[in-house]
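Work through the exercises below with the sequence and the model at hand. Each task is followed by its solution.

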Number of protein chains: 4
Amino acid sequence: MLQELQQFAVDTRRKFHTVPEAGFTEFITTFEIYQLLQNLSFHLYIGKEIMDSDERMGLPKPEEIEASKERALAYGVPEAFVEKLDGGHTGVVAVLDTGRKGPHIALRYDIDGLPIIESDEEGHAPFDEGFRSKHSQEMHACGHDGHISIGLAAAKYIDANKEKLTGKFTIIFQPAEEGLRGANSIVQKGWVDKVDYFMSGHIGINALQAGSVAATANQILASTKFDVTFKGKSAHAGVEPNEGKNALNAAATALLQLNAIPRHRDGATRINVGHLSGGSGRNVIADEAVMLVGTRGETTELNQYMYQEAERIIQASAAMYDIESNISFMGQGLGTVCDAAWIDIVKEACQNNSDVKEVYDVLPLKASEDVSYMMDHVQKNGGLATYMIFPSLLPAGHHHPQFDIDEEAIRTAVSVYIDVIHYLQPTIN
Amino acid sequence: MLQELQQFAVDTRRKFHTVPEAGFTEFITTFEIYQLLQNLSFHLYIGKEIMDSDERMGLPKPEEIEASKERALAYGVPEAFVEKLDGGHTGVVAVLDTGRKGPHIALRYDIDGLPIIESDEEGHAPFDEGFRSKHSQEMHACGHDGHISIGLAAAKYIDANKEKLTGKFTIIFQPAEEGLRGANSIVQKGWVDKVDYFMSGHIGINALQAGSVAATANQILASTKFDVTFKGKSAHAGVEPNEGKNALNAAATALLQLNAIPRHRDGATRINVGHLSGGSGRNVIADEAVMLVGTRGETTELNQYMYQEAERIIQASAAMYDIESNISFMGQGLGTVCDAAWIDIVKEACQNNSDVKEVYDVLPLKASEDVSYMMDHVQKNGGLATYMIFPSLLPAGHHHPQFDIDEEAIRTAVSVYIDVIHYLQPTIN
Amino acid sequence: MLQELQQFAVDTRRKFHTVPEAGFTEFITTFEIYQLLQNLSFHLYIGKEIMDSDERMGLPKPEEIEASKERALAYGVPEAFVEKLDGGHTGVVAVLDTGRKGPHIALRYDIDGLPIIESDEEGHAPFDEGFRSKHSQEMHACGHDGHISIGLAAAKYIDANKEKLTGKFTIIFQPAEEGLRGANSIVQKGWVDKVDYFMSGHIGINALQAGSVAATANQILASTKFDVTFKGKSAHAGVEPNEGKNALNAAATALLQLNAIPRHRDGATRINVGHLSGGSGRNVIADEAVMLVGTRGETTELNQYMYQEAERIIQASAAMYDIESNISFMGQGLGTVCDAAWIDIVKEACQNNSDVKEVYDVLPLKASEDVSYMMDHVQKNGGLATYMIFPSLLPAGHHHPQFDIDEEAIRTAVSVYIDVIHYLQPTIN
Amino acid sequence: MLQELQQFAVDTRRKFHTVPEAGFTEFITTFEIYQLLQNLSFHLYIGKEIMDSDERMGLPKPEEIEASKERALAYGVPEAFVEKLDGGHTGVVAVLDTGRKGPHIALRYDIDGLPIIESDEEGHAPFDEGFRSKHSQEMHACGHDGHISIGLAAAKYIDANKEKLTGKFTIIFQPAEEGLRGANSIVQKGWVDKVDYFMSGHIGINALQAGSVAATANQILASTKFDVTFKGKSAHAGVEPNEGKNALNAAATALLQLNAIPRHRDGATRINVGHLSGGSGRNVIADEAVMLVGTRGETTELNQYMYQEAERIIQASAAMYDIESNISFMGQGLGTVCDAAWIDIVKEACQNNSDVKEVYDVLPLKASEDVSYMMDHVQKNGGLATYMIFPSLLPAGHHHPQFDIDEEAIRTAVSVYIDVIHYLQPTIN
């Protein structure tokens, strides 16, 4: 049965690859996941049942959500289904309670694509093999198509073995991981409140031969993503320069000062203003400027240090020019640490797994992931959480128009999840 | 006959008001001017005959020119005519040589509109009275529609009196005054090489009751308009911040430093960065930034001081981050001074003009005008040049979506040009 | 008698030239003035009688005052006299009331030297002719030694003619003009409350042949002088850079931003940070920085604009680094305008003055002078005030170690003051 | 004998504590070391014999050296001796060759004090117990007095056992460690060319109970210390602000930009501008500014990255204002790593040492030390080098006016050096 599930995951991944949708607009994706799950024995939850609306961050503009809804309707998603997801309440939570005493195991898979135009050059496998994105402005350029499919294969495995398994299974298909926007809204709804074992993971990341797994990841960086708007007052720059309140000056001041936040004794920190735009005509004092900022830290505390410094600097930069500034949170990830217990769990679970050539204790993620909210919550409640990595050689890096994954990594992941679920069963151990 | 010409000018202004075209895309405008002139006795010149292509500044993007051509063809401008103006060679020069000994009088009228969306609110006369712009993105928001019409009325007067007048008349319908982009290309083609009397002017500007004229303007500021592009190198801001070369940092540095160019002993100076935009994703070090800059000075020397300081600052800001900077000239105006002789000329010419309630010696322009290139050239060759102002109360300032002119100012201007042309005739004085 | 007074002024100037004392430390100077006045019929006032202590600005450090007192004692000034001036209450006000009905005429002369080391090179007349400063660190490098002497000559003239003159005469020998520190404290004590005619002036300034006078000066700039202290928190820059609050960063930020205060529509403005110093060891985050700032404006309002912008920028720069800033006022001058009536007064008064080859209506001062407080006060109370200029060719500019004056300008000034005093007598006109 | 040497070291430390001398002015210190060594069997080298003059960095001003020489003469150092050290050639190298085959062991002790005024408050042991600094401006605030004494005790031990020991011993009493100025000049003279075992170390550093030793230190940071001078052009800030070239502006720009050098992927970096001073009078555009800068990096490469960025930024900041900049190197330390072999060496050597309660494998230095030049040189030539730490509880941090050491750490250090020397003897092992 494993091979069937592996093949299912690979095939399904290619289907999802053709219909990538950016965070909080995964209408087609949610529908297709729902369709594939509804013949199984899981209770399925969608829409506002799965997330606290107000805890979502970095929502798309209403017109972007609307356009995605239109696209989903044209694709064939029933209107009633789309309406349940209205306002960007995408994603699915699937729960199966065996009724038998046993652990509560939660699995989490992120489902969103990226606003990247996929390569249409020869040599890019999805193009060559006919499963390139059908959406002109979006692409599964991070591998979440694979994650969805692995999650569906795991669901099929649990369903097929529901009479033998014990405890409870919660599978979370999370929207809007990119930008660190969706996870916390699901946590706040209580879905991981009483979880004994929490597993998630990523394919790719470390460019190693597929067929291996890291039992845990480290360097899961805390991060805060926010937009800053400066509002000043325009004036004719030639006639009355003293009458303006220059929003571009404030933004430029903030940008330079943000780069100069002191390094921290306790470890690595980062800040970047990735985009800045402001002003209008050449001879008009700019009355508005917007910048996109992200901070990071090796730990939640270090990221918090960066953010607090940034906040003060932004306010002072606005005060410097007697103008207003406004910060909008767009996403956030915590610094988090996998429980070391997983090293033995995964190693032992996979010791007879022929698809796994190597089990690494740990590999670095070197990035932020909002799964950290879930892991943090599980750990605070006494559960064990890990974030595994399933390496793959990569023709191009994550978020690149030519990103692609060695599908062998998908097969490996399916086998690892199944083995670990199996291993965690008390009746077996 | 004066009243007829005045009424003609007002009516014609309303027609031109409906088809505004931004600088170097005045295909319809040029065609309509040409049509109205072609039954008169002027020799008409268009296309590359009237301007030195390479001396134009701030050309629109090819696709903008192309879109305007398409619009002109749809409007009914013959394809052959449009082709003569290809590449943005818009405008008309009309010459009438009486064959009789007398002065060479040149008149200059600017013809371009602005990329402003005209108001469609009640109370805005062009909307209420049905001559609002038909072009969704452009508007005659500075009064150049009136200038065209005044120029055409002057042409009709000269033509009607060609048997009595002496000397030579050159009427320049100049494209792309906005942004100070078109005048010098016409000067360089020699059209004002041997001019005895040069007149141009503006309606509005000073919000005074219509029915007056300023014989001369002062505070015609020198100005240089340029775009700056910074090119750096992107890198992942989290993973390897040291690998980037941050173009936004360079731009922000330049912006702040440009504002700090020292004031100058010799008089007023100005600088403004009206627009800045750069970078891409939040977590990517920005590899490009563009800013729109303008300098001004009370004199050409003061403006030159500002520009030279700016140039050094921009280069140093790029060097600060080890990146490249590039400056593109987008427009330039000289500091210029009207010949005081015009005060008596206009006063005496208009002493019996019942449309003119007051002749001011001088009113301030407080802005830049590329007519300065023409005036400067005429003066260097021994001619007399002036820039008159025909005030009007203004419901909203120049370049505003609700800008409008009291058409009385157009009538006044027609009468003044005619009277002065008449007065300058040697046989009459 | 005029020639005698002129010669007295020249001789006396040379004496004062040898003992320059900086503002509020003019112990010797005050004593010598007092000595020369005490045989005349003026009532003499010194110490706290002449100034409101709290209105003085930019006082020297106590140890500097103390050192100057010691020097004065060593010079021979009686201890009792020095004590009356304790705390820097230097200067003399001399009042002579004729008892006869007539105008109240006030004359003001500034008496302080500068902390400049006088040239000891040949060709510098005070050196060559043996009246170079005996004080190693101070010099009369602005001509106030001449002003004292002119004022003493005027006093002698008034005293000699006290039986013929009418009204009241107040002669103010003001300390601490340099830095704009002393005048307002005298105004606040009421000495110019009821003045009909107020005269002051400066020798030199305009490098024109001596023997002329400007009846009025213009371009008397408003100015505010202040020191800024930033206080942060030191930390080891290597071990815990995040623990510091960097005062030098705040100062540098303020400095650059101050230079970028927008130019003002209404006229010329200036700002300068002339000195900045902060920090301690190379590897310690700076916990303190101090900077010396001056603003100027063509008018009091323009200066006020500059100061208010500066104040906000300084506070925001401190807030940027979470530190404290403190502003200490060190001196202030108003923008002021001489009453035009003086043009006729001086011209008519001097029409038979053979020492005056030319009377200019007005010459520019292009600097700040705290006499503006006095002029402003007199004018607000209905009096007429002027600031005259007595040009001189200058081997080196004011405040230069080789500054010197053509003593002919002193002679001219003596004659002008006498003639104007004479002219202002009602019985004579 | 050990206890005698330990007591000698403690007593001697107190004597040296009273006569601290800053780097390259250790005339008294050198003399006293020399005196204490000259009855032993070492060959002693001083003056230009021990260092390459040109490789020294951060020399004091000539007048500072001169004043220290005067002080030494007054103290009783013979003039001939002082003259040998002229120009700041302080320090001693002592060599004892046993003539027997065996390893070349080098020991290095730094000898300089700091320009810190020592506390005279009760509770500060050196004050309470009468060995506070007799030099009003200098203090042994880092423990080098202890280092000297430990080195002298080691010398006494070697001398006493010279008949039993094998190989060669070089003891370096190095001047000017503070500021990282002296070590390289000694390396360049060849003293550590052929060393088998190199040991140095520091007392204090880690605030742990005295009586322990770290066999090695890590986090010995690379560092570059340099001064920057900006030279511009002064001008009257009111009259002609455009004529100045503002050195303070350039310095402030550099300061802020230096703080914004991007963090580096490969590890921790630091930069600090500890002091900035520039300009003169409030109303004069500053023509000169000086700043003191230090960079650091976890590795020599990271420090190099920081320095290279800094260099470009400084040049660009000068170019921004069209002025000159000049960088003077003041000190440099390499990033260095102790040979791990020392962990076993020290542990085994001390296993019977009752003064040593614990041997740490490694403790962090978290600072720079120019011993790194020596260690690097020894290692490149195949020798083994370590830098040990002898912890002590500290009433106040290093470089603090109340810094003091638990003298137990000195006793511990003496015992460790002796044990390790003993252990390294081939005949013994």
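Copies are superposed by least squares on the C-alpha atoms of residues with pLDDT of at least 70 in both. The model is predicted: local features need pLDDT of at least 70, side-chain atom pairs count only at pLDDT 80 or more, and totals for chains, interfaces and linings use all residues. Residues are numbered from 1 along each chain as its sequence is written, chains are lettered from A and ligands numbered from 1 in the order in which they are written, and side-chain values use heavy atoms, with hydrogens and water left out.

**Exercise 1.** Find the turn and the shift that lay chain A on chain C, and name the relation.

*Solution.* A turn of 180 degrees with a shift of 0.3 Å along the axis lays chain A on chain C, with an RMSD of 0.1 Å. That is the relation of a two-fold axis. Next, locate the axis in the chain: A:A316 is the residue of chain A that comes closest to it, at 2.7 Å (C-alpha). Finally, compare the two sides, where contact means heavy atoms within 4.5 Å. The same surface serves both copies, as 100% of the contact residues of chain A recur in chain C.

**Exercise 2.** State how much area chain A and chain C bury between them, and which three residues of chain A supply the most.

*Solution.* Buried area is the accessible area (1.4 Å probe) that two parts lose on being put together, summed over both. For chain A and chain C this is about 1,700 Å², with 51% of it on carbon and sulfur atoms. On the side of chain A, 37% of the area buried against chain C comes from A:N242, A:R265 and A:M320, more than from any other three residues. The contact as a whole takes 20 residues from chain A and 20 residues from chain C.

**Exercise 3.** Count the salt bridges and the polar contacts across the interface of chain A and chain C.

*Solution.* A salt bridge puts a side-chain nitrogen of Lys or Arg within 4 Å of a carboxyl oxygen of Asp or Glu. The rule finds four across this interface. In a salt bridge between A:R265 and C:E243, the closest N and O atoms are 3.8 Å apart. A polar contact is a pair of N or O atoms within 3.5 Å; within protein, one must be able to donate a hydrogen and the other to accept it, and residues adjacent in sequence count only if both atoms are side-chain atoms. Between chain A and chain C, 16 residue pairs are in polar contact (both at pLDDT 80 or more).
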